[in-house]
Amino acid sequence: MTEKYMIAVDMDGTLLNSKGKITERTLDTLKTLLDAGHYVVPASGRAFPILPEEIKSLLGIQYAILENGAVIWDWAKKLPLFVKLMPDAVAQSILKKVKEAYPDEKYVTELIAGGIVCAEANDRLLFAKECFGGNFEEYMLSNHEYIEDIHERVDILQKAEKINLYFENRDIAAEVRRYWGNIPGICVTSSVGGNAEFTAANVNKGTGIAYLRKHLGIDKSHIIAIGDNENDVEMFEEAGISVAMGNARDDIKKKAAHVTIDNDRDGAARYLLDFFSKH
């Protein structure tokens, strides 16, 4: 190998299959690339505590783009290189106004503050809803701190890095994203059907790639980005080589230069194996 590549790869819908699991084939591929000296960078909407344990146990990872770019994580030091909080009082305003606008809608509230993943305790009965996906309950019961009436906890909300709202009604989720997408000071996107994800303005996986590219001194042509949803589009734009998963929507596929097969057939791993067999 003559030059290092930075491989920014999404988790849900990309490295993880439709059951929320990562296969041995995909793990072995990542290990091979790490052993060869490449930078494998988890690029996820998740915070570090709720990354898959198989990913957290991989040796050789140095950095991660977390919470849709709100946090750039130094893997070895277990500390953030960069953190961007949501603007003052914005997190509380989002939760309050959504609650007022949709008093009869069923949705799950998740909030990340100071690297701690919090969830509304009163939402527990919704975790098993099929509309949220097959592994949603397992995800929500893993490494979350449950807090009652979280929308009133100013002490937590003022430290918010990211908010996730998971709606039973996908049309409502889209409506929420459209409304808040026009509000200055925040960025709103989605990583799975039926959710709305909020961070500070100009914070996304693309800004995360730009930060690490400068930090590591890697040319854009040596950056590979692989993803499947709206929150991956900005990193496609920052990468020299952009790859959409076969399970992505058609509009997401059009944003990438390449399309691989779906996440239930190790699409990310297959693309990387083929690419590096030729380089």
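A charge counts as sitting over a ring if NZ of Lys or CZ of Arg is within 6 Å of the ring centre and within 35 degrees of the ring normal. In this predicted model, Arg-124 fits that bill, lying over the face of Tyr-146 at 3.8 Å from the ring centre. Lys-56 does likewise with Phe-48, over whose face it lies at 5.4 Å from the ring centre.

Tyr-146 also has aromatic company: together with Phe-127, Phe-132, Phe-136, Tyr-139 and Tyr-166, it makes up one aromatic cluster.

Now for the ring pairs. Searching the whole structure turns up 15 aromatic pairs. One of them brings together Tyr-5 and Phe-276, whose ring centres are 5.4 Å apart; the planes stand at 90°, so this pair is edge-to-face. Tyr-5 comes from the segment before strand 1 (6-9), while Phe-276 belongs to helix 10 (residues 267-277), so the contact ties together parts that are 271 residues apart in sequence. Both Tyr-5 and Phe-276 are buried.

Phe-82 and Tyr-211 form another aromatic pair, this one tilted, with 5.7 Å from centre to centre and 45° between the planes. Here too, distant parts of the chain are linked: Phe-82 is in strand 5 (residues 79-83) and Tyr-211 is in helix 7 (residues 205-216), 129 residues apart. As for accessibility, Phe-82 comes out at 29% relative accessibility, so it counts as partly exposed. Tyr-211 has a relative accessible area of 30% and is partly exposed as well.

Conventions. Residues are numbered from 1 along each chain as its sequence is written. This is a predicted model: local features need pLDDT of at least 70, side-chain atom pairs count only at pLDDT 80 or more; totals for chains, interfaces and linings use all residues. Side-chain values use heavy atoms; hydrogens and water are left out. Rings of Phe, Tyr and Trp (its six-membered ring) pair if their centres lie within 6.5 Å; planes under 30 degrees apart count as stacked, over 60 as edge-to-face and the rest as tilted. Helices (H or I, at least four residues) and strands (E, at least two) are DSSP runs, numbered from the N terminus. Buried means under 20% relative accessible area, exposed over 50%, partly exposed in between (1.4 Å probe, protein chains only).
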